[in-house]
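Visitor: Please walk me through this one, and give the grounds for each term you use.

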Amino acid sequence: MVKVSVSNVYDILKTVCDPEIPVLSILDLGIVRDVKFNDDSLNITITPTYTGCPAMHMIEANILAALKNEGFENVNIITTLSPPWTTDWLTDSGKQKLKEYGIAPPQTTKRIETLLDDQDIICPRCNSLNTNKLSDFGSTACKAMYQCKDCLEPFDYFKCH
Amino acid sequence: MSDLKYKYFLRIADNAMILGQRLSEWCGHGPILEQDMALTNIALDQIGEARLLYQLISELFPEKGDEDKIAFTRDISAYYNCLLVEQPNGNFADTIARQYLFDSFNFHFHQALQNVDDQRIKEIGAKCLKEVTYHRRWSSEWIKRLALGTEVSHQKLQDAINKIWKYANECITPDALDNEAHANCLGPDINQVSSIVSEERAQLLDSVGITVPENTWFLSGGKTGSHSEYMGYVLAEMQYMQRAYPDMQW
């Protein structure tokens, strides 16, 4: 195996995108929890976003493919559940990319009690606060549906988790 | 201890799996598109939780086979979900009544699961609690919307509650296995969960003018493998592929 540092690995992981929201890398999403070299193998620890998220399997496959492409053959992907993934781990640049993509980024959650604070969601198109929730559940597990009452555009909100 | 763990974790897993299977039947049949998606999103979360638990069970008890074998090849009496989750979807109000009664239990159960000693079940519980929080809000809101909507929607919800009420309390009535699990710090004290859930249900239903039936007897049996007549049909559909093509992959 080529001699490389952990930061080289992160550079490669930066190119692996969420298959459902391709503007976000898995680093933006905050699902990569650890990268470690172990003798002659490389261990990548990731955590699932939602328990039933069908993208997780594809993300694993894409991580392996991206690393293989750069010469890493002996890679283990370890899944951890604790601490559970939270949208607070989304990077600021990730949130910005979401907004540009037309998805309202999540509020900060901090505690489980504030998980459901989903008032005052800002329209990602016209920045209006005059928005209305259409449904708690959207086209993927991580999104809710909203509509802007000013520009009238419907939009997705990446809900707090 | 190992038999206790196997059966107790299966209870939690089977509740999630069978309700997920039931909700999946709504796919393409929801009353409006948004709610069709909500029902199937919740189904996905439930099946996701079931999967985590079946994977854990398979890891702890390798002789039981892999997650698919555990999920799809047991006979009816080896499923330990409560009777509530296997009840048919009926109309939208029936589904909402079933979902709310289950979510009100499931939310407080997962919260209480945070105090047990077993690290693995606690981790899965913490992960799923976030999802269940959304489910509970969704079904509570629909209870209000149907109860306070039109005369017809109110009546349909009242009928639904009347019909399903006899299944409402199995999940919050501790039996020998629940007590043993609690004594071994594997599971929460169901008596404690029960009082919170009963109060919450009574308060919500009362606040929107839905009358809770007066019967004080409740059906039970699912938790020990004695199921209602509906369960066989659920399994027939759910297990078809694995039975017809054993060990299939795709």
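Visitor: What makes the sheet in chain A an open one, and in which order do the strands lie?
Guide: In this predicted model, the order of the 3 strands in chain A is β1-β2-β3, with mixed pairing. β1 (32-38) and β3 (75-79) of chain A each have a single partner strand, so one side of each lacks a neighbour in the sheet, and both stand at the edges. From one strand to the next the twist averages 20°.

Visitor: How do you know that β2 and β3 of chain A are paired?
Guide: Pairing requires at least two bridges between the strands. Strand β2 (residues 41-46) of chain A is joined to β3(A) by 5 bridges, so the requirement is met. These two strands run parallel. Opposite Thr45(A) stands Ile78(A), a residue of β3(A).

Visitor: Which helix packs on the sheet, and what does it touch?
Guide: That is helix α3 (residues 55-69) of chain A, which touches β2 and β3 of chain A. Its direction makes about 155° with that of β3(A), on a scale where angles run from 0 to 180 degrees.

Visitor: What makes a residue of chain B count as in contact with chain A?
Guide: The C-beta atoms of two residues, placed from the backbone, must lie within 7 Å. By that criterion 22 residues of chain B are in contact with 17 residues of chain A.

Visitor: Which helices of chain B supply that side?
Guide: α2 (33-60) and α6 (119-147) of chain B each supply at least two residues. α6(B) gives the most, with 12 residues.

Visitor: How do the residues on the side of chain B that touches chain A divide?
Guide: They comprise 11 nonpolar, 3 polar and 8 charged residues.

Conventions
Residues numbered from 1 in each chain as written. Chains lettered and ligands numbered in written order. Predicted model: local features only at pLDDT ≥ 70, side-chain atom pairs only at ≥ 80, totals over all residues. Helix = DSSP H or I, 4+ residues; strand = E, 2+ residues; numbered from the N terminus. Nonpolar A, V, L, I, M, F, W, Y, C, P; charged D, E, K, R; others polar.
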